[in-house]
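Trainee: I have a new model to look at. Please show me how to read its features, one at a time.

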Amino acid sequence: MTAAPPSLGFEAIVIGAGPAGLTAAIYLARFRRRVLVLDGGVSRADWIPESHNTPGFPAGIAGTVLLERLRAQAEEFGAVIRTARVGRLEKTADGFRLDAEGEVFEAATVLLATGIIDRMPEIAGVDAALASSLARVCPICDAYEAIDAKLAVLGDGPLALREADFLRTYSQDVTVLMLGEAAKTAGALSVALGDIRFEGRQVIVAQQDQPEQRFDYLYLALGCAIQAGLATALGAGQDDSGKLLADARQMTTVDGLYAAGDVVLGLNQIAVATGEAAIAATAMHNRLRKA
């Protein structure tokens, strides 16, 4: 089957429509660049019931509302946003060519804001628990709202122990629930996923022949998958964790390919993602301007 000819007219393409991608689109549009955003699916920010550490929102803001506002702001200044998942990214003599569900696009510069995907445990009701903050994935984001609560951290390796240590700044009542072979770790409670359930506003761990335990919140520390495949297929460098390496202007080791947000080495935070996006978008604009 012959590929469709490329859609022309864009100077910059942003892959990903989370806080990083949409912020970059706002900046690029205000730089009067023809920018396309390709939205490949649900952003991690969609999971946030209410963020209280996003600057400028002292009363908190839901992740969905923040994304709606960022999208509206990007479109207000002329950014084009399409729902499509990018399957292939190629380097060309003039920049990049990409295939998004059968449609081909070309641009001189590309920004990856593809983020990460958290590993979710197969526990009944976990999605509803995340929506109500009973289950959580980011202690940096919301541990302040768990001060002096009874906390459980679920994991299968050293990440759970590190997260538990971090949480002890907020509460001294922290229990590590460890799966599989990692349960041999000193100080951790060996559990199976079937031992855990959500009931009302509590997390319950019920093991055979053991007293039932109840917790106020369950922090998930099972790691994540970094969505860097489009860049690594071009030879982009990564750190030991798999995150993309970027320079001071957020350019990866592939010339003209930028990255911002959770896919890049650094804190997985909205404030960080938007800052990196502003830096990347400005660098992309200056590159286009000089060309």
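Mentor: Start with the terms for elements. Helices (H or I, at least four residues) and strands (E, at least two) are DSSP runs, numbered from the N terminus. Here, helix α4 covers residues 139–142, and Ile140 sits in it. This is a predicted model: local features need pLDDT of at least 70, side-chain atom pairs count only at pLDDT 80 or more, and totals for chains, interfaces and linings use all residues. Residues are numbered from 1 along each chain as its sequence is written, and side-chain values use heavy atoms, with hydrogens and water left out.

Trainee: Is Ile140 buried, partly exposed or exposed?

Mentor: Buried means under 20% relative accessible area, exposed over 50%, and partly exposed in between (1.4 Å probe, protein chains only). Ile140 has 39% relative accessibility, so it counts as partly exposed.

Trainee: Which residues form a nonpolar patch with Ile140?

Mentor: First, the rule. Patches are made of residues with over 30% relative accessible area and no salt bridge; like charges are joined within 9 Å, nonpolar side chains (Val, Leu, Ile, Met, Phe, Trp, Tyr) within 5 Å. Accessible areas come from the Shrake-Rupley method with a 1.4 Å probe, and for residues only the protein chains shown count as cover. In this model, Phe166 and Leu267 join Ile140 in a nonpolar surface patch. Together the three have about 260 Å² of accessible area.

Trainee: How many salt bridges are there?

Mentor: A salt bridge is a side-chain nitrogen of Lys or Arg within 4 Å of a carboxyl oxygen of Asp or Glu. By this rule there are 16 salt bridges. One of them pairs Glu11 with Arg34, with the closest N and O atoms 3.8 Å apart. Glu11 is in the segment before β1 (12–15), while Arg34 is in the loop between α1 (19–30) and β2 (35–39). They are 23 residues apart, so the pair links distant parts of the chain. Glu11 is buried because its relative accessibility is 14%. Arg34, at 47%, is partly exposed.

Trainee: What does the salt bridge of Asp118 and Arg44 tie together?

Mentor: These side chains meet at 2.5 Å, N to O. Asp118 lies in strand β8 (residues 116–118) and Arg44 in the loop between β2 and α2 (63–76), so parts 74 residues apart in sequence are tied together. Asp118 is buried at 12% relative accessibility. Arg44 is partly exposed at 22%.

Trainee: Which residue forms a salt bridge with Arg88?

Mentor: Glu90 does, with the closest N and O atoms 3.5 Å apart. Arg88 counts as exposed at 53% relative accessibility. Glu90 is partly exposed at 30%. Elsewhere, salt bridges that share partners join Arg197, Glu199, Glu212 and Arg214 into one network.
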